[in-house]
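Work through the following exercises with the sequence and the coordinates at hand. Each task is followed by a solution in steps.

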Amino acid sequence: MTSLYDTIRHFAAFRALTSPDKRSSHHLAEIPAFGSDPGNLAGWVFVPDTIRCDPPLVVGLHACTQSAASYDGGSHWAQLAADLGFIVLYQQRRQNNSNLCFNWFEPSDIRRDSGEALSIRHMIETICINHNVDSRQVFITGLSAGGAMADVMLSSYPEISSAGAIIGGLPYGVVASSVPHALEHMRGVGLPSGATLSGMVHRASAHAGPWPAVSLWQGSKDRTVAEANAYALVDQWLGVHGLSPSSSKSSLDSSHHTTRWSDSTGFVPVEFHSIDGMGHDTPIDERGGFGSAGPFMLDVGVSSTAEIARSWNLTPSIAVDRSADAVQTFPLKPQGVPATGIQDIIEKAFRSAGLCADPK
């Protein structure tokens, strides 16, 4: 009997062949009002024609230079939402940041009840009320600067989401007092210790737990946000969940390495996905119909959208078993940034951080 997963893949693959537009083919409606907006953001929401009772909500935070439509057109979150009946929310506008970046490096934008973080919180609350969202199924994901802001939301407002996914992002609490300081962090230089980063999360709110589960994604050839940031994120959330680094089990599927850390019950609150050879991108799978290649969207035969949705149980019949029954263990080792091409790395990093404009 054909599984729901197979059916979804067939529909997705058909749409991928018949819709060449890389921007979202789904209608993203701007949110007219959502309370105070200290972060000067705008929000766009996708609500499918057929929706679940008490639907889940996925909050997507895009990278610099991306728009809500282009991020959705590459990641296909709205496509999956249309198939499965959940809601998707996007943010940011050029009037706030000329490069459409989230201001992950500004202390006033990442504190609880302040700046962009509070604006996003108000949008989430508005969508939850207007559409009877299941408060136990609010999820946050993001790429690059959006990945860093996703970690901000998981840290500053841990009570509002049960899980999150960070792709090519930076850990919460890594702020910048200057342009060179921001660049250093993106290159993985001067990052705080894991214990310090975990302490920052604990101090970001009065939350006592339970804490959101996190799925972390990183390309091994990322020259914009160095791999060291992914390992710092792992350390941050292992500390938050009180997990030992030695509790990991890992698997290898071609170029896709997955490492999971389990608690005493077998549940996996932290998982790390490393894609060999991938740069500063969202991994997608065009052949499977989950994603469209484009800027910051790389077809590697692995759909982070589908894998993340499974880990969040948005697709019950294809949900990931989040127990640690992996097949192989391998050491998790950060890799340094090569000495060649430093000027290119600096220029790309500045643009990705929204700290300088793209060249005309």
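The exercises below concern a predicted model and go from the whole chain to a strand, a helix pair and a single loop residue.

**Exercise 1. The chain as a whole**

Task: State how many helices and strands the protein chain has, and what share of its residues is buried.

Solution:
- Step 1. The protein chain contains eleven helices and twelve strands.
- Step 2. Of its 360 residues, 57% are buried.
- Step 3. The accessible surface amounts to about 14,500 Å², and carbon and sulfur atoms hold 53% of that surface.
- Step 4. Among contacts with a separation of 6 or more, 71% are between residues 24 or more positions apart.

**Exercise 2. Strand S4**

Task: Determine whether strand S4 (residues 87–91) is largely enclosed or not, and identify the strands that pair with it.

Solution:
- Step 1. In a regular strand, side chains point alternately to the two faces of the sheet.
- Step 2. On one side of S4 are Ile87, Leu89 and Gln91, and on the other are Val88 and Tyr90; all are buried, and both faces are covered.
- Step 3. Buried here means under 20% relative accessible area. Five of the five residues of S4 are buried, so the strand is largely enclosed by the rest of the structure.
- Step 4. Strand S2 (residues 43–46) pairs with S4 in the antiparallel sense, over four bridges. Within this pairing, Val45 has Leu89 as its bridge partner.
- Step 5. Strand S3 (residues 57–61) runs parallel to S4 and is joined to it by four bridges. Leu57 stands opposite Ile87 of S4.

**Exercise 3. Helices H6 and H9**

Task: Describe how helix H6 (residues 145–156) packs with helix H9 (residues 227–241).

Solution:
- Step 1. A packed helix pair is described by the angle between the axes and the distance between them.
- Step 2. For H6 and H9 the angle is about 10 degrees, and the axes lie 13 Å apart.
- Step 3. Angles under 35 degrees count as roughly parallel, so H6 is roughly parallel to H9.
- Step 4. H6 contributes Asp151, Leu154 and Ser155, which meet Leu233, Gln236 and Trp237 of H9.
- Step 5. Sorted by class, this contact has three nonpolar, two polar and one charged residues.

**Exercise 4. Ser144**

Task: Locate Ser144, decide whether Ser144 is buried or exposed, and list its contacts beyond four places in sequence.

Solution:
- Step 1. Ser144 sits in the loop between strand S5 (138–143) and H6.
- Step 2. Its relative accessibility is 4%, so Ser144 counts as buried.
- Step 3. With neighbours within four places in sequence left aside, Ser144 is in contact with Ala63, Ile167, Gly168, Gly169 and His280.

Conventions:
Residues numbered from 1 in each chain as written. Predicted model: local features only at pLDDT ≥ 70, side-chain atom pairs only at ≥ 80, totals over all residues. Heavy atoms only, no water. Buried < 20%, exposed > 50% of the residue type's maximum accessible area, 1.4 Å probe, protein only. Helix = DSSP H or I, 4+ residues; strand = E, 2+ residues; numbered from the N terminus. Pairing = 2+ DSSP bridges. Axes fitted to C-alpha atoms, helices over the stretch in contact; angles between N-to-C directions. Parallel < 35°, antiparallel > 145°, perpendicular 65-115°, else oblique. Contact = heavy atoms within 4.5 Å. Nonpolar A, V, L, I, M, F, W, Y, C, P; charged D, E, K, R; others polar. Areas by Shrake-Rupley, 256 points an atom, 1.4 Å probe, with all protein chains shown as cover.
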